Amino acid sequence: MTALQETQQETGQETQQAASGLRPTWVSDARIASWLRWLPAADDAATLTATAPYDARPTVPVPCCTPEDVAGAVTAARAAQPAWADLSVAARAEVVLRFHDLLVERQDEVMDLIQWEMGKARFHAWQEVLQVANIARHYAKQAASYLADHKVRGAVPGLTRVREVRVPRGVVGIISPWNYPFYLGVGDAIPALLAGNAVLGKADPQTPLTLLWARALMAEAGLPEHVWSIVAGPGAEIGEALVDHVDYVAFTGSTATGRIVAQRAAGRLIGASLELGGKNPLIVRADADLEVAARGTALAAFANTGQMCIHIERVIAHTDVYDDFREALLAATSSQKVAQTFDFGADVGSLASQAQLDKVGAHVADAVAKGATVLAGGRALPEIGPYVYAPTVLEDVNEEMDLCLGETFGPVIALYRATDDEDALRIANQGTAGLSASVFSKDLKGADALARRIRAGSVNINDGAAVAAGSVEAGMGGMGDSGLGRRHGGEGIRKFTESQTIAASLIGPVGPPPGQALEKFVAMGNKQLALLRKLRVR
Ligand code: NAD
């Protein structure tokens with residue numbers, strides 16, 4: 001029986017949701033202690049306490065790791081990694097599949113923790129569970145083929161045998177933000193582990209318990225002790241210490257922090273993937289089904305209370321359908337149920353913190369002061385919760401306003417009118433971000449052609465964001481200031497490996513045979529070049 005199961009049996013507590021925004025009742029001190037034991041921090045370490053968004057009360061003090069703790073965790077991970085890498089991919093996949101099954105069984109626990117720590121609606125917490133479960137199954141099944149040796153033609157065709165093989169990086173660092181504490185903390189760890197690495201994850205100070213819960217569950221699934229460790233503490237100090245010690249870093253967060261991480265990784269000549277911010281556009285073409293487009297826009301704009309890197313903040317409608325679409329969008333916006341509940345009774349939950357509320361409020365206030373019109377929302381809803389903000393639609397937004405091209409990261413959309421597809425494309429491609437985009441149209445071929453001209457790592461057709469992000473076999477990431485590299489699919493696991501070429505000669509050393517004059521060897525080589533060209537070999 002695991003520590004977690006013992007604790008459960010001791011307390012006799014099943015998962016239950018608190019009726020109010022207070023701490024979920026099953027989250028006993030003993031359970032919290034069973035998660036905190038995964039932190040490599042000293043007993044007398046300083047602590048950080050986050051604020052629970054539903055009631056603005058402190059969650060629990062979580063010990064802060066020091067840079068020395070990070071270095072120690074990397075040393076332990078380095079020692080544990082070779083034995084893990086020696087297992088077959090299939091053996092590693094068994095652990096991941098057991099984790100999958102435990103997760104599906106105990107999903108209520110992690111949904112409660114996610115909601116308690118960052119305030120999103122339960123449906124969006126469930127989407128984190130869904131995404132991680134899909135990633136676990138996908139990579140457990142496909143990792144072996146993604147990582148398989150690749151046979152290539154050698155220097156002397158027929159007389160050489162050449163293969164590219166995949167070697168684990170060693171210790172992979174994963175720095176993740178608070179907005180998807182489970183999906184972004186675990187979804188990259190799974191392919192990194194399957195590729196034979198040890199992983200060191202850095203929890204965001206707002207949401208450490210969610211990630212520690214995941215680590216404890218992975219232990220129940222059979223993952224050895226130091227193969228995946230979690231550190232917690234202030235972002236700059238602990239995040240930078242992590243970059244200073246690991247062999248590769250997968251960072252998800254803001255573009256500003258991404259630049260710091262990239263520069264630090266460059267100084268050590270380690271690789272990095274950077275999943276950064278967006279300012280994602282959605283185009284409604286003249287032939288779109290306007291009800292579908294309005295529903296899709298509301299879903300993608302207000303999902304996760306707008307605190308989603310790929311959510312929609314700019315909506316560009318063709319002038320012929322602008323007025324009708326605006327009406328449909330306002331109806332879809334006003335039908336959003338905003339609430340704080342630990343059940344599925346809310347479409348939109350709380351923002352995560354006072355800082356988020358301040359930022360969203362400041363963006364809207366700046367826009368209104370400079371001439372934007374509020375069509376819906378535009379205000380906080382303290383009667384529902386301390387950090388709740390109404391789903392908001394603005395019109396008459398221009399480039400002088402901070403929210404025009406700056407990421408708001410809240411439930412706020414700016415609506416633009418385009419004269420035609422070219423104009424819509426021009427507006428969509430404004431700014432330096434390039435994460436995700438969307439096109440609504442009944443003409444799939446026309447939408448595809450438009451999609452290829454949008455500068456974004458993913459383009460969704462007739463959906464706002466989920467159809468691309470949910471396709472875990474396809475890469476997901478940003479162009480421009482939205483990042484480097486991709487998660488999901490082949491690139492999402494191969495990035496956690498180095499490519500190694502193993503080339504064997506069947507004729508001894510490749511070069512002139514003993515005693516042959518170099519001129520003769522060169523002449524033969526030139527004849528061979530001409531022949532290969534004629535035969536169109538590579
Ligand atoms: P952030 O950059 O402030 O923090 C992200 C993580 O980095 C946290 O764990 C934080 O503690 C850590 N950190 C902070 N300073 C650091 C430093 N100097 N060195 C190393 N690590 C450091 O991001 P945030 O504002 O908390 O998160 C929201 C942002 O993340 C938004 O811009 C959002 O668009 C982006 N995001 C991107 C994706 C994606 O896949 N592209 C997904 C989710 C969120």
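Trainee: Is Leu-506 buried or exposed?
Mentor: Leu-506 counts as exposed, because its relative accessibility is 54%. Keep in mind that this is a predicted model.

Trainee: Where along the chain is Leu-506 found?
Mentor: In the loop between β20 (497–505) and α20 (518–534).

Trainee: And which residues form a nonpolar patch with Leu-506 on the surface?
Mentor: Leu-159, Ile-507 and Val-510 join Leu-506 in that patch. Together the four have about 370 Å² of accessible area.

Trainee: OK, staying with the end of the chain: what's the place of Val-537?
Mentor: Val-537 lies in the segment after α20. With 28% relative accessibility, Val-537 counts as partly exposed.

Trainee: Which residues does Val-537 touch, leaving out those up to four places away in sequence?
Mentor: Arg-153 and Leu-532. There's also a long-range pairing to look at: Val-537 and Pro-157 sit 380 residues apart in sequence, with their C-alpha atoms 10.0 Å apart in space.

Trainee: Switching topic. Is Gln-206 buried or exposed?
Mentor: Gln-206 is buried, because its relative accessibility is 14% and the cut-off for buried is under 20%. The residue's place is the loop between β6 (198–202) and α9 (208–220).

Trainee: What does the side chain of Gln-206 reach?
Mentor: The side chain reaches the backbone oxygen of Glu-117, at 2.8 Å.

Trainee: Which residues does Gln-206 touch overall, not counting those up to four places away in sequence?
Mentor: Glu-117 and Met-118 are on the list, along with Ala-50, Thr-51 and Pro-53. Trp-178, Ala-352 and Ser-353 complete the set.

Trainee: Let's zoom out. What does the domain assignment of the chain give?
Mentor: Domain 1 covers 65–276 + 478–507, and domain 2 covers 280–472. Their contact takes 29 residues from domain 1 and 32 residues from domain 2.

Trainee: What separates the centres of domain 1 and domain 2?
Mentor: 30 Å, with the centres taken over C-alpha atoms.

Trainee: Now charges. How many salt bridges does a search of the whole structure find?
Mentor: The search finds 26. One of them is between Arg-326 and Glu-395, where the closest N and O atoms are 2.4 Å apart. That pair links distant parts of the chain: Arg-326 is in helix α13 (residues 322–334), Glu-395 is in strand β13 (residues 392–395), and the two positions lie 69 residues apart in sequence terms.

Trainee: Is Glu-395 buried or exposed?
Mentor: Glu-395 is buried, with a relative accessible area of 10%. Its partner Arg-326 counts as partly exposed, at 24% relative accessibility.

Trainee: Which residue meets Asp-29 in a salt bridge?
Mentor: Arg-23, with an N to O distance of 2.7 Å. Asp-29 is exposed, because its relative accessible area is 58%. Arg-23 is partly exposed at 28%.

Trainee: What about Arg-452, which residue does it form a salt bridge with?
Mentor: Asp-448, and the closest N and O atoms are 2.6 Å apart. Arg-452 is exposed, with a relative accessible area of 69%, whereas Asp-448 counts as partly exposed at 31%.

Trainee: And which residues do salt bridges that share partners join into one network?
Mentor: Arg-31, Arg-106, Glu-109 and Glu-220.

Trainee: Backbone next. What's special about phi of Ala-56?
Mentor: Phi of Ala-56 is near 55°, a positive value in a residue other than glycine. Ala-56 is in the loop between β1 (47–52) and β2 (57–63), and it is partly exposed with a relative accessible area of 35%.

Trainee: What is phi of Asn-304 near?
Mentor: Near 60°, again positive in a residue other than glycine. Asn-304 has its place in the loop between α12 (290–302) and β11. Asn-304 counts as buried because its relative accessibility is 0%.

Trainee: Last one: where is His-318 found?
Mentor: In strand β11 (residues 312–318). His-318 counts as buried, at 12% relative accessibility. Leaving aside neighbours within four places in sequence, His-318 is in contact with Val-284, Arg-285 and Ala-286, and also with Ala-418, Thr-419 and Asp-420.

Key
Residues are numbered from 1 along each chain as its sequence is written. This is a predicted model: local features need pLDDT of at least 70, side-chain atom pairs count only at pLDDT 80 or more; totals for chains, interfaces and linings use all residues. Side-chain values use heavy atoms; hydrogens and water are left out. Patches are made of residues with over 30% relative accessible area and no salt bridge: like charges are joined within 9 Å, nonpolar side chains (Val, Leu, Ile, Met, Phe, Trp, Tyr) within 5 Å. Accessible areas come from the Shrake-Rupley method with a 1.4 Å probe; for residues, only the protein chains shown count as cover. A salt bridge is a side-chain nitrogen of Lys or Arg within 4 Å of a carboxyl oxygen of Asp or Glu. Helices (H or I, at least four residues) and strands (E, at least two) are DSSP runs, numbered from the N terminus. Buried means under 20% relative accessible area, exposed over 50%, partly exposed in between (1.4 Å probe, protein chains only). A polar contact is a pair of N or O atoms within 3.5 Å; within protein, one must be able to donate a hydrogen and the other to accept it, and residues adjacent in sequence count only if both atoms are side-chain atoms. Contact means heavy atoms within 4.5 Å. Domain bounds come from an automatic or database domain assignment.
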